[in-house]
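Reader: I would like to go through the terms used for this model and see what each one rests on. Please give the reasoning as well as the values.

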Amino acid sequence: MPDERDGLLAQQEALAIYLYALSVLAQEESTLTFRAEAFAPLVPRAASADPAAGPAVAEIGRLLDAARAGNLAPGARASSAGSSTVIEDLRLRPLIRAADPPAQVLVGTLSRATVGAPGSDQDTYRQLLAAIGEGHALLKARASNIRQREVEREIHAQEDRLRRLMLILAPDPAVGLRPGAAGMVGAVVQP
C-alpha cells in the first residue's frame with residue numbers, strides 16, 4: 001500500500017525533524033531555522049496512513065515555527081548574565097512540554113503500524129520508538145527543573161542510543177532514492 005507507506009515515512013520525517021530541532025535548541029546561543037513551506041506537505045502525507053497523525057504533525061510544525069520566531073536576538077544571552085536561568089531554557093522547556101502530546105501520538109501511530117509485522121527488525125523498530133517516547137516523556141517530566149546543559153547531555157545520550165539501534169535495522173529498499181528523514185531534516189531545519 002504505497003499511500004500508507006508514504007504516510008508512515010512522513011510521520012518518521014516529522015518526528016526526526018522535531019528531534020533534530022530540539023537538539024539545536026538545546027545548544028547555547030543556537031538559532032533554529034524552520035521552513036514551514038517545506039514541512040507543510042508532511043501533514044496530509046502523514047494523515048494518509050493514520051488520521052490521528054495529520055493533526056500531530058501539524059501541531060509539531062506550528063510549535064517549531066513558533067520556536068523559530070522566538071530565536072534570540074544577537075547579544076540576548078549576554079544580557080541574561082547573572083540570571084539563574086540560562087536564556088535558552090526559556091525556549092526549550094515550553095517546547096518540550098507542548099510537543100510531548102503530538103510526539104507521543106506519532107510514536108503510537110508508528111508503533112501500531114508495525115503490529116503484526118514479523119521479524120526482529122520490526123521488534124527493534126518498536127523498541128526504538130518506545131525509547132523515543134520514553135525519553136521524551138522523561139524530558140517533559142523533568143522540564144521544570146532541568147537546565148539547558150542537562151537537556152543537551154540527555155539529548156546526546158538518547159541520540160547515541162537511537163543511532164546504535166538504527167544500525168541494527170536493515171535498509172528499506174522500498175524507499176528507493178527518496179531522501180528519507182535525513183533529507184527532510186536538511187530541507188526543513190538545517191541552515
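Author: The model is a predicted one. To begin with aspartate 50: outside its neighbours within four places in sequence, this residue is in contact with Gln11, Thr109 and Arg112.

Reader: What makes these residues count as being in contact with aspartate 50?

Author: Contact requires heavy atoms within 4.5 Å, and Gln11, Thr109 and Arg112 each meet that for aspartate 50.

Reader: Why is aspartate 50 called buried?

Author: Its relative accessible area is 17%. Buried means under 20%, so aspartate 50 qualifies. Aspartate 50 sits in the loop between helix 3 (42-49) and helix 4 (53-69).

Reader: What does the side chain of aspartate 50 reach, and at what distance?

Author: The backbone nitrogen of alanine 52, at 2.9 Å. The cut-off for a polar contact is 3.5 Å, and 2.9 Å lies within it.

Reader: The structure holds one aromatic pair. Why is the pair of phenylalanine 34 and phenylalanine 39 called tilted?

Author: The ring centres are 5.4 Å apart, and rings pair within 6.5 Å. The planes stand at 55 degrees; stacked needs under 30 and edge-to-face over 60, so tilted is what remains for this pair. Both phenylalanine 34 and phenylalanine 39 are buried.

Reader: Which secondary structure elements does the whole protein have, and how many?

Author: Nine helices and zero strands.

Reader: How much of the protein is buried?

Author: Of its 191 residues, 40% are buried. Among contacts between residues at least 6 apart in sequence, 81% join residues at least 24 apart.

Note on methods:
Residues numbered from 1 in each chain as written. Predicted model: local features only at pLDDT ≥ 70, side-chain atom pairs only at ≥ 80, totals over all residues. Heavy atoms only, no water. Helix = DSSP H or I, 4+ residues; strand = E, 2+ residues; numbered from the N terminus. Buried < 20%, exposed > 50% of the residue type's maximum accessible area, 1.4 Å probe, protein only. Phe/Tyr/Trp six-rings, centres within 6.5 Å; stacked < 30°, edge-to-face > 60°. Polar contact = N/O pair within 3.5 Å; in protein donor to acceptor, adjacent residues only side chain to side chain.
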